[in-house]
Amino acid sequence: MYNDVTGIILAGGKSTRMGEDKSFLKLDGMTIIEHILNRMKSVFQNVFIVSNSPEDYRELGVPIYRDIYEFKGPLAGIHSGLKYSKTRENFIISVDMPLMTKDMIEYLVDYETDKPVTVCHADGFVQQLAGRYSSSVFSVAEQILERYSEESGSVNQVKRKCAVLTLLDITGAEIIDSGEVSFYKPGMFFNMNRPEDYNYILSKFEKK
């Protein structure tokens, strides 16, 4: 178990496409947030949640922090996580990735690189919401958020969706090809946003 790396769960989204808070959908008798939290606790001594509705998570027994830039997309959650973390290295994961495994988390944390961020390219995408983030990128995240906060309209909404990728590009992230990982299985980074995604996750759990 790591005591020099903090586990940070991002649970700040509005779940508008799901129609209900995906954190509390049930999988195998537990909520999704409980699954993610248990997995993170099995790896990291220190774990906390970043959410814009902290009252919903009080009973989980871990610290909860609000976004400093509320409702500004996932980069705002990463920014707040890095702000409140007490360690230089951090593993950040979105609450809607319940198929993420302990092995993959440890692989990303332990991957040898001098770059400040380590994420994986899998299933055709850079999976920026499950990776190791150094606190050294905090100031860059804040600069991006400040810039986008000064803008408005649909262009800004598009930029928010790409803001984490902008951070990775500026800071020079280590992007691992999933083909390099012997235990990787397609769907491990599956991001659950819609009711049909939840049904897919349910089917995966039923096969376990």
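**Notebook: rings, sheet, and one alanine**

I started with the aromatic rings and counted nine aromatic pairs. Worth noting up front: this is a predicted model.

The pair I looked up was Phe 190 with Tyr 200. Their ring centres sit 4.5 Å apart. The planes make an angle of 45°, and tilted covers whatever falls between under 30 degrees (stacked) and over 60 (edge-to-face), so I logged this pair as tilted. Where do the two partners sit? Phe 190 is in the loop between strand 9 and helix 6 (195-206), while Tyr 200 is in helix 6 itself. Ten residues separate them, and the pair links distant parts of the chain.

Next I checked whether these two are buried or exposed. Phe 190 comes out at 22% relative accessibility; buried would need under 20%, so I put Phe 190 down as partly exposed. Tyr 200 has a relative accessible area of 28%, so Tyr 200 is partly exposed as well.

One more aromatic entry: Tyr 2, Phe 44 and Phe 91 make up one cluster.

**Sheet**

Then I traced the strands. How many strands form the sheet, and in what order? I get seven, running 5-4-1-6-8-7-9, in an open sheet with mixed pairing. Strand 5 (64-65) and strand 9 (174-177) are the edges, each pairing on one side only.

I looked up two of the pairings. Strand 6 (residues 89-94) runs antiparallel to strand 8 (residues 125-134), with five bridges. Within that pairing, I found Ile 92 bridged to Gly 131 of strand 8. Strand 7 (residues 117-122) and strand 9 are parallel, over four bridges. There, Cys 120 has Ile 176 of strand 9 as its bridge partner.

While at strand 9 I also sorted its faces. Glu 174 and Ile 176 are on the covered face, and Ile 175 and Asp 177 are on the uncovered one. So noted for Ile 176: a place on the covered face and a bridge to Cys 120.

**Ala 130**

Last entry, Ala 130, which I located in strand 8. Buried or exposed? Its relative accessible area is 0%, so Ala 130 is buried.

What does Ala 130 touch, beyond its neighbours within four places in sequence? My list has Phe 91, Ile 92, Ile 93, Met 97, Met 100, Leu 108, Val 119 and Phe 189. Phe 91 I had already met in the cluster with Tyr 2 and Phe 44, and Ile 92 as the bridge partner of Gly 131.

I checked the spacing for Met 97 too. Met 97 and Ala 130 are 33 residues apart along the chain, and their C-alpha atoms are separated by 8.3 Å.

Conventions:
Residues numbered from 1 in each chain as written. Predicted model: local features only at pLDDT ≥ 70, side-chain atom pairs only at ≥ 80, totals over all residues. Heavy atoms only, no water. Pairing = 2+ DSSP bridges. Helix = DSSP H or I, 4+ residues; strand = E, 2+ residues; numbered from the N terminus. Phe/Tyr/Trp six-rings, centres within 6.5 Å; stacked < 30°, edge-to-face > 60°. Buried < 20%, exposed > 50% of the residue type's maximum accessible area, 1.4 Å probe, protein only. Contact = heavy atoms within 4.5 Å.
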